[in-house]
Amino acid sequence: MIEADLILRGARLLTLGPLKDERPRVGVAAGDVGAVNDGFVAARDGMIVATGHGRTHERFTRVEGALDKDVGGRVVMPGFVDPHTHLCYAGERWEEFATRRSGADYLAVLAAGGGIHATVRATREASDDQVLALLRRRIGDAAELGTTTIEVKSGYGLEPEEELRQLRLLARAKAEAPIDIAVTYLAAHALPAPFTDDRKRFIREATKALERVVDEKLAEAVDAFVEKGVFDIEDVRPLFNAAKKAGLAVTMHADQLNDVGASAFAARIGARSADHVAHASADGIRALARAQIPAVLLPGSAFFVGYAPPEARRFITARVPVALASDHNPGTSPLEGMPTAIALGVTLCGLTPHEAIVAATINAAHALGRGGRIGALLHGRRADIVVLDTDDERELAYRMGAPLVAEVYAAGRRVA
Ligand code: NIG
Ligand code: FE
């Protein structure tokens, strides 16, 4: 007998369940959300115990205090998975934002000691409590907008000690967060001033910090900004090799503003995902397809910085798994929440609305190495569920900015 403490029924249910094996969706399946009309989902103790359609749920036992609700034909779908954010920062970058809108180049601002460095300064000046309060608020805002798993990077410390500070603050935020946080050590985001003349030494120290990251269990993955004038492949190779050896996943800011061969490198090194990829070459895309490594598209940064967005069709036709993320950060993507990322993924990158939903759920789960656990409404997955205020999920892509997220459950608990 199935026992449930949460039942949402009478739904247009998007299961996003795997078609056969557990793997990211590509090809035709990349646009299949597994819709079931008159569907239901039932959960117990934070895990999904059944999904189906019609009235079979009537046989289930409702435990005392269970929430049992007819959602009146509205969409019920997996909570969004945001696989790439930089929430751990203080300060905003209004002025840089304005100068860039009138033509200043993002990499030139960075090379002149602004950009990422400006946020590093503001974050160092902020107290631990201030940074924690900002993190809490940003995680809460993401949950309000339907995100139930979010990746958060360090990266605004730069010097290894400061990066460790960020990671420890992230561990505290994670411990109390209403949703799941996947922490990433963004070890090489920009070269800090004390290392200007010795990038090899910087990489050595960032690599050495991995020991403490692993000992204190501070991160699941290691990231780097592989970009013209920032770090090149040879710079980061030893860092990534050490990360893999230490059992951490590897991910990277790859070919965001220029094609530097980072997508192919991500494939070669067996990265968990290759992110941005707006300027990935055809070879890079083929390499990602062969290795079935998710490309995480970040249309927010293309939109706010004003560079050519990644063309989703190049990845979809090559059968690269496509995921979407907000890239929330104060420099290139001050956008909030996955519904906006979905809308931009459709309007800027050319995903279909259903492909964008796949990209924001099951494929994003794979981009975080959580493919079998979240991202789909299926027996045995965590009960991360969103109820939309519509009976047509395509509205997410169409009514940009509309308050469509009505209810959010993380591990079976109502969080928004
Ligand atoms: O994903 N480009 C590198 N990292 C971030 C932006 C960081 C910043 O400008 O503060 C990104 O775009
Ligand atoms: Fe980023």
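Which domains does the domain assignment of the protein give, and where do they lie along the chain? In this predicted model, the assignment gives domain 1, made of residues 3–79 together with 373–414, and domain 2, which covers residues 81–367.

## Overall form

The protein has 15 helices and 16 strands. Its radius of gyration is 21 Å, close to the 22 Å that the globule rule gives for 416 residues, so the protein is as compact as a globular protein of that length. Along the principal axes, the C-alpha trace spans about 70 × 45 × 45 Å.

Of the 416 residues, 56% count as buried. Where contacts join residues at least 6 apart in sequence, 73% of them join residues at least 24 apart.

## How the two domains meet

The centres of domain 1 and domain 2, taken over C-alpha atoms, are separated by 29 Å. The contact between them takes 27 residues from domain 1 and 34 residues from domain 2.

On the side of domain 1 that touches domain 2, the elements that give two or more residues are strand 5 (75–78), helix 15 (395–398) and strand 15 (405–410). Of these, strand 15 provides the largest share, with three residues. By class, this side of domain 1 has 18 nonpolar, four polar and five charged residues.

## The nonpolar core and helix 12

The largest nonpolar core has 143 residues, and those with the most contacts inside it are Ile-342 and Ala-360. Both domain 1 (3–79 + 373–414) and domain 2 (81–367) give residues to this core, so the core lies between them.

Ile-342 belongs to the buried residues of helix 12, a helix that runs over residues 338–347 and is mostly covered, with nine of its 10 residues buried. Alongside Ile-342, the buried residues of this helix include Met-338, Pro-339, Leu-344 and Val-346. When neighbours within four places in sequence are left aside, Ile-342 is in contact with Leu-324, Ala-356, Ile-357, Ala-360, Leu-396 and Ala-397. Ala-360 thus appears both among these partners of Ile-342 and, with Ile-342, as one of the residues with the most contacts inside the core.

## The surroundings of ligand 1

How many residues surround ligand 1, and which are the closest? There are 13 residues around ligand 1, and the closest are Ile-116, Ser-301, Asn-329, Gly-331 and Thr-332. Taken by class, the shell around ligand 1 has three nonpolar, nine polar and one charged residues.

Key: Residues numbered from 1 in each chain as written. Chains lettered and ligands numbered in written order. Predicted model: local features only at pLDDT ≥ 70, side-chain atom pairs only at ≥ 80, totals over all residues. Buried ≥ 20, exposed ≤ 12 C-beta atoms within 10 Å, placed from the backbone. Helix = DSSP H or I, 4+ residues; strand = E, 2+ residues; numbered from the N terminus. Near = placed C-beta within 6 Å. Nonpolar A, V, L, I, M, F, W, Y, C, P; charged D, E, K, R; others polar. Domains from an automatic or database assignment. Contact = placed C-beta atoms within 7 Å. Rg over C-alpha atoms; globule rule 2.2 N^0.38 Å. Core = buried A, V, L, I, M, F, W, Y, C linked by C-beta atoms within 7 Å.
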